[in-house]
Each structure stands twice: as C-alpha cells, then as structure tokens.
Amino acid sequence: MKKKTVYIWMGTIVTLTILVFAAIYFLGLQSEVKKTAKIVDRNGPPVFNFMINGDLDKSLDKPMDVAKIGSFIYVTDTNHKQIQAFDSSGSPIFQFGKEGAGKGEFKFPYGIAGDKKGNVYVADLYNGNISIFDEKGKFIKYFEEQDKKAKLIHSPAGIRIIDEKLYVTDIKSSKLVVFNLQGKKLLEIANGANKKDLLNAPNGVTTDKDDNIYVSDSGNNRVVVYDQKGKYLRTVNGSKDGKGSSSFVNPRGIAVDSRGILYVVNNLTHFIYGFDESGKEVFTFGGMGDGNEQFYLPNGLFVDSDDQIYITDTLNQRVAVYY
C-alpha cells in the first residue's frame, strides 16, 4: 500500500513537471511569435535594443556616423578625431586615428562605410579626403579619383559602399558623386527635379533594392530620389507627394530596410521618420531627451543586413541600436 502511494506521488510529480515545462515552452514560444510579428510588421516602427556609449576611458564625443562592417560596428568619434570600433553587443574593442592632416589622421571624420573585404572608408569633411583602413584600423591608402584634373571630392560628408560602388555627398560642391572602387566616376548629380532645382549641402545617401538612389538634401529640407542612372523620380519631405511644406528641419542620415521602409533622421526636431515605398509617412519615433528612446541632435543612420538599425545621437554621445 505504501509502495503504491509512493508511485502515485512520483507519477503526480512527473506529470506536474511536464506540465510546468510545457507551459514555460508554450509561453516562450508565444513570446517569440509576438516578438517576430512585431519585427515583421510592415509598417511598424523598430524596437529599441541597446545603447553604445564608447570606451570606458574615452566615451564617444559627437559621434557623426556609424556602419556595421564585417563583425564590427564602427563609429566616427568626431570630436576625438578618431574611429571607435565595437563588437556586435556594443562592447568597445579598439580605436584608431588621431588629429592631423597626415595618413591615418583626421580633422573632422564624418561619413563611414565598408567594402566586401572589410576595409573601412572614412570621409574627412575638413581634410577633404577619404581614407581607407583595414578592419583593424591600419591605414592602407587614400581613395583616389581616376580623373585627377577634374577632382570632385572637396568636402565629403555621407558615404556608402553598395554593390562595389562608392556613393559620396560633397557639402562644398553640393553634389552626389558615384565612383567604382577604382576611382572611376560613374555618375554625378547636382540637381533635383530640374536643372534650376539645385541640391544644397546634401548629406546622407543610400539606395534601395531596385538601385534607386536617395539623397538627404539637408539645405532644402527634403530627400530626393533618383533612379540608378540619376533620373529624378520624386521628393520625400513628409507632405503629400512631396509637394507641400516640409516636415523636415535639417534631414541627415538615411537608410532603407528590407521592407522598403525609408528611415530619415530629422536632426533639429530629434525625431526619426519612416516612409513606405511611395513616400507616405508610416511612423515616427524619438523626440528630444536623454532617455533610451529619445535623441538630442541625431545624425547618422545605418541599417545592417539583419535590419538592425544604428543611429548616432551626437549630443547624448552615444549610438542607439534598434531591431
């Protein structure tokens, strides 16, 4: 009789244990389903993940741009005249660069991008050049234009490397120039809808899955969209069809995710905007402050291959990461 009682209790404990683990698994699965549903919500804003604050001995000071290159996250630490590199969790790994005008030195490191080899390209707005480093920060060479008689890079700002092409916005000449990685000019754009509609201090640049080109035309408070040959397609400024008053005040970093959502950093209002493929606004997030989901003069924006979003928060001296 006692043995039977023991067996009954043992069976009950086993049954309860199975039920508890089943419940935990089910709830976890439900949580993952909800999380996944939120990520793939076509028109939904991204979800805050974590902050990158820089090295313990030297925190970021005016981070201007960011890019995920290979396994590292690189940030232009502009006031420190250097680049800081972090692992995928945001832990500091190493830094490179110092103030100056020589090889491996910077006066105003701004845009940053990487090629398929993991090389890091850094646009120096004040030195007027683009330096190329290996993945560990060793200087390799300057990016050189093939046509040295008609130099186009004077004050490079935003840069991106997409499909072996280097896209560069130049503040001084108010142009977007596209090169192959050997320095041959492929495309030059200086206007919007027509020849009289000139770009004014263009900043961020990106492309979408159809190779359409997006330029944040900061001085004109808009984003201008072109086809891959440079033909004007449309203007995005937060108004219907891009023809009304702009919602932007000094737009900066831009990127397009795998859903086709265009992200725009609205620098002076401290908000990030999201637009669908037709240019219709679908969400905003951010606002002025120092909380986890707030910004103070955000600038650069990068979307990696996993649709993780990195935003440089210049005056808060950090990089916000969303998924």
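Me: Before we look at Leu176, what makes two strands a pair?
Reply: Two strands pair if DSSP finds at least two bridges between them. Keep in mind that this is a predicted model.

Me: How do you know that strand 14 and strand 15 are paired?
Reply: Strand 14 (residues 175-180) is joined to strand 15 by 4 bridges. The definition asks for at least two bridges, so strand 14 and strand 15 count as a pair. They run antiparallel, and Leu176 stands opposite Ile189 in strand 15.

Me: Why are strand 12 and strand 15 said to stand at the edges?
Reply: Strand 12 (156-162) and strand 15 (185-189) each have a single partner strand, so one side of each has no neighbour in the sheet. The sheet is open, with 4 strands in the order 12-13-14-15 and antiparallel pairing. From one strand to the next, the twist averages 15 degrees.

Me: What makes a group of residues a nonpolar core?
Reply: The members are buried residues of kinds such as Val and Tyr, joined through side-chain atoms within 4.5 Å. The largest nonpolar core here has 25 residues, and Tyr74 and Val120 touch the most other members. Strand 3 (72-77) is among the elements that give two or more residues to this core; with 4 residues, strand 3 gives the most.

Me: What does Val120 touch, leaving out residues up to four places away in sequence?
Reply: The contacts of Val120 include Ile69, Tyr74, Phe96 and Phe133.

Me: Which residues does the second core include?
Reply: This separate core of 16 residues includes Tyr263, Ile272, Val303 and Ile311.

Definitions and conventions. Residues numbered from 1 in each chain as written. Predicted model: local features only at pLDDT ≥ 70, side-chain atom pairs only at ≥ 80, totals over all residues. Heavy atoms only, no water. Buried < 20%, exposed > 50% of the residue type's maximum accessible area, 1.4 Å probe, protein only. Contact = heavy atoms within 4.5 Å. Axes fitted to C-alpha atoms, helices over the stretch in contact; angles between N-to-C directions.
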